[in-house]
Amino acid sequence: MLLPGFLFELSLIVAVALALVQLFAGRLRFLSATPRSIWLSASSGASMAYVFVHILPELGEAQAIIREVVGGWLAFWRYHIYVVALLGLAVFYGLDRAAIASRRDNRKESRGDVTATSVFWLHIIVYGFYNTLIGYLLLNRDDNDAIGMLQFALAMALHFAVNDYGLREHHKFIYNGIGRWVLATAVIVGWTLGSSGMGVDRTAIALMFAFLAGGIILNVLKEELPVERESRFWAFALGAGAYTLLLTLSPSSS
């Protein structure tokens with residue numbers, strides 16, 4: 001979907017900014033503190049607010065369209081779009097469990113507290129698709145205005161910081177040397193695909209958002225819930241509340 005004038009230019013600026021966040025989030029040393037940084041917990045809350053306040057209501061509206069499009073022998077499957085969200089959650093849960101198991105095995109073999117190379121590349125491939133999807137959705141959403149784009153971008157920038165922390169913990173130096181560059185590039189690749197005018201109907205966009213929603217929910221919860229994180233509930237709640245206000249009080253929400 002080609003956007004008019006300044007919106008197209010804004011989307012490019014935002015895509016580059018997101019790529020830079022993916023590249024340099026690790027330079028923010030205060031995010032690595034224990035107890036968990038209040039900024040990471042607040043970022044997690046804001047990301048979760050975007051899912052529940054903005055994405056899920058849109059999925060509810062799109063579900064009616066998908067029912068009409070699918071029809072036939074699949075008509076009995078009444079909640080297609082939410083199954084895709086569940087798939088997104090399951091995929092990222094499986095990735096995290098694979099990384100934890102790989103690190104445990106390597107520790108037993110005295111190879112360090114780091115994942116195997118195969119697990120690293122599995123993470124990078126899936127997260128690369130995830131970031132490509134985010135870059136693509138910068139230009140292809142129902143709320144294609146400047147406010148909607150910036151709300152989406154801010155939520156994703158905060159989410160990238162949360163994801164970067166988890167990926168860096170699992171993969172250590174190989175992520176810093178290679179992984180973050182691949183994921184930053186994936187955002188630009190997604191934006192390029194989105195800006196090419198490639199036609200994708202509303203149903204496909206809704207399915208992309210559903211997968212993204214499931215991924216965000218899992219990635220936030222896996223970082224916030226473990227006891228050893230010593231997460232800050234008040235910071236999470238403050239981030240969620242503040243971003244909820246931003247979303248509900250903005251002109252584009254009316």
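L12, V16, L20 and F24 make up a nonpolar patch on the surface. Together they offer about 310 Å² of accessible area. The model is predicted. Its chain has eight helices and zero strands.

**The patch and F24**
- F24 is one of the patch residues, alongside L12, V16 and L20.
- Helix α1, residues 5–24, contains F24.
- F24 has 36% relative accessibility, so it counts as partly exposed.
- That class lies between the buried limit, under 20%, and the exposed limit, over 50%.

**The chain as a whole**
- Read from the N terminus, the elements run α-α-α-α-α-α-α-α.
- The chain has 254 residues, and 49% of them count as buried.
- The accessible surface of the chain is about 12000 Å².
- Carbon and sulfur atoms account for 71% of that surface.
- Take the contacts between residues at least 6 apart in sequence: 82% of these join residues at least 24 apart.

**R103**
- R103 sits in helix α3, which covers residues 80–108.
- R103 counts as buried because its relative accessibility is 11%, and the buried class means under 20%.
- Setting aside neighbours within four places in sequence, R103 is in contact with G112, D113, V114 and T115.
- Under that same condition, R103 is also in contact with E169, H170 and K172.

Key. Residues are numbered from 1 along each chain as its sequence is written. This is a predicted model: local features need pLDDT of at least 70, side-chain atom pairs count only at pLDDT 80 or more; totals for chains, interfaces and linings use all residues. Side-chain values use heavy atoms; hydrogens and water are left out. Patches are made of residues with over 30% relative accessible area and no salt bridge: like charges are joined within 9 Å, nonpolar side chains (Val, Leu, Ile, Met, Phe, Trp, Tyr) within 5 Å. Accessible areas come from the Shrake-Rupley method with a 1.4 Å probe; for residues, only the protein chains shown count as cover. A salt bridge is a side-chain nitrogen of Lys or Arg within 4 Å of a carboxyl oxygen of Asp or Glu. Helices (H or I, at least four residues) and strands (E, at least two) are DSSP runs, numbered from the N terminus. Buried means under 20% relative accessible area, exposed over 50%, partly exposed in between (1.4 Å probe, protein chains only). Contact means heavy atoms within 4.5 Å.
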